[in-house]
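Work through the exercises below with the sequence and the 3D view at hand. Try each task before reading its solution.

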Amino acid sequence: MHTPTTETPAKVAVGFAEKAKGYLALTKPRVVELLLVTTLPTMFYAHGFSGKSGVPSLWLMVATMVGGALAAGASGAFNCYIDRDIDKIMNRTSKRPLVTGVITPREALVFSWILTVLAVVLLWSINPLTGILGIGAIFLYVVVYSLILKRRTSQNIVWGGAAGCMPVLIAWAAVTNTVQWPAVILFMIIFLWTPPHYWPLSMRYSDDYNAVNVPMLGAVAGSRTVAVQVVLYTWAMVACSLLMIPLGGAGIVYTVTTAVAGIWFLLEAHKLYSNSKKNLVTKKNAMKVFHASITYLTLVFLSLAVDPFVGSALMG
């Protein structure tokens with residue numbers, strides 16, 4: 001069993017291009033990209049829900065997207081700084097810039113704070129509520145998840161994952177200067193989606209997490225236990241997504257897309273459970289659920305973006 005250490009990697013000569021790539025890697029671009037997939041559709045929907053035609057102003061969309069990306073990037077950079085001791089042991093993270101020495105811990109910390117200030121200033125310029133929600137998102141990921149929960153409980157991703165739900169609240173507040181029921185439902189969809197998304201990934205990298213004593217459920221529990229949880233959270237997520245019909249003013253595009261995508265994702269979750277009962281769960285079929293979760297969320301939010309422009313609310 002490896003014991004995480006806080007040794008600083010030896011200094012290396014780094015060119016400008018490599019340094020720039022290192023800073024970019026600190027922000028976890030793939031995570032930022034996934035968060036932004038939920039932001040713009042929510043803005044479109046909030047605009048239509050408010051009774052306005054067309055789309056939000058270009059400045060508002062750009063400011064919200066850039067501000068959200070900066071906040072997510074700051075959170076990712078702080079996380080890389082906090083986890084640099086275990087990142088060097090885990091195969092999945094062994095090439096991160098703080099491990100290789102491309103970026104020093106001091107540089108990463110300064111960079112994280114700069115992104116935080118820029119994000120808060122930009123989001124606050126939209127309206128104070130948006131700025132406060134941006135601060136909340138960073139706090140949830142950096143303090144609640146990275147510092148408090150990640151290394152202490154197998155439920156870390158459940159509560160820490162709330163940070164990944166914040167972009168929809170930020171997007172809604174940017175457009176309406178308030179948080180209404182549809183925004184809360186969208187928040188809960190992502191909240192319930194996070195475990196079925198991340199636990200199969202932690203099954204794939206269970207050796208990494210066990211090597212550094214990080215109790216991700218997919219690493220510390222049996223495959224049947226994990227599969228049961230994935231199925232339960234997926235059912236709850238699909239049920240929650242349908243609340244947008246009576247409570248959120250959803251129309252035909254969102255309703256049909258979400259129902260079909262939900263049934264498909266439920267089938268994938270149940271396949272994982274079926275395999276777990278036969279002790280046939282592999283890293284490959286666990287990752288199939290992980291990738292399916294990304295497709296599901298993308299389809300739901302794409303339909304959310306289109307929905308205001310096609311027909312009217314089915315209920316209410």
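**Exercise 1.** Which residues lie nearest the centre of the second largest pocket?

Solution. The model is a predicted one. Step 1: 16 residues line the second largest pocket. Step 2: among these, Gly48, Phe49, Asp307, Pro308 and Gly311 lie nearest its centre. Step 3: sorted by class, the lining has 8 polar, 6 nonpolar and 2 charged residues. Step 4: the volume of this pocket is about 210 Å³.

**Exercise 2.** Where does the second largest pocket lie with respect to domain 1 (23-178) and domain 2 (180-315)?

Solution. Residues of the lining come from both domain 1 and domain 2, so the second largest pocket lies between them.

**Exercise 3.** Which helix gives the most residues to the largest nonpolar core?

Solution. Step 1: the largest nonpolar core has 77 residues, and Phe187, Met237, Met244, Tyr296 and Phe301 touch the most other members. Step 2: helix α10 (residues 181-204) gives the most to this core, namely 13 residues. Step 3: domain 1 and domain 2 both give residues to the core, so it lies between them. Step 4: another core, of 17 residues, lies apart from the largest one and includes Ala71, Cys80, Ile138 and Val142.

**Exercise 4.** Is Ser206 buried or exposed?

Solution. Step 1: Ser206 is part of helix α11 (residues 206-211). Step 2: a residue counts as buried under 20% relative accessible area. Step 3: Ser206 has 15% relative accessibility, so it is buried. Step 4: leaving aside neighbours within four places in sequence, Ser206 is in contact with Gly218 and Ala219.

Terms used: Residues numbered from 1 in each chain as written. Predicted model: local features only at pLDDT ≥ 70, side-chain atom pairs only at ≥ 80, totals over all residues. Heavy atoms only, no water. Core = buried A, V, L, I, M, F, W, Y, C linked by side-chain atoms within 4.5 Å. Buried < 20%, exposed > 50% of the residue type's maximum accessible area, 1.4 Å probe, protein only. Helix = DSSP H or I, 4+ residues; strand = E, 2+ residues; numbered from the N terminus. Domains from an automatic or database assignment. 1 Å grid on protein atoms, 1.4 Å probe; cavity = no way out; pocket = protein on both sides within 12 Å on 5 of 7 lines; lining within 4 Å. Points joined across faces, edges and corners; volume = space filled by probe spheres on them. Nonpolar A, V, L, I, M, F, W, Y, C, P; charged D, E, K, R; others polar. Contact = heavy atoms within 4.5 Å.
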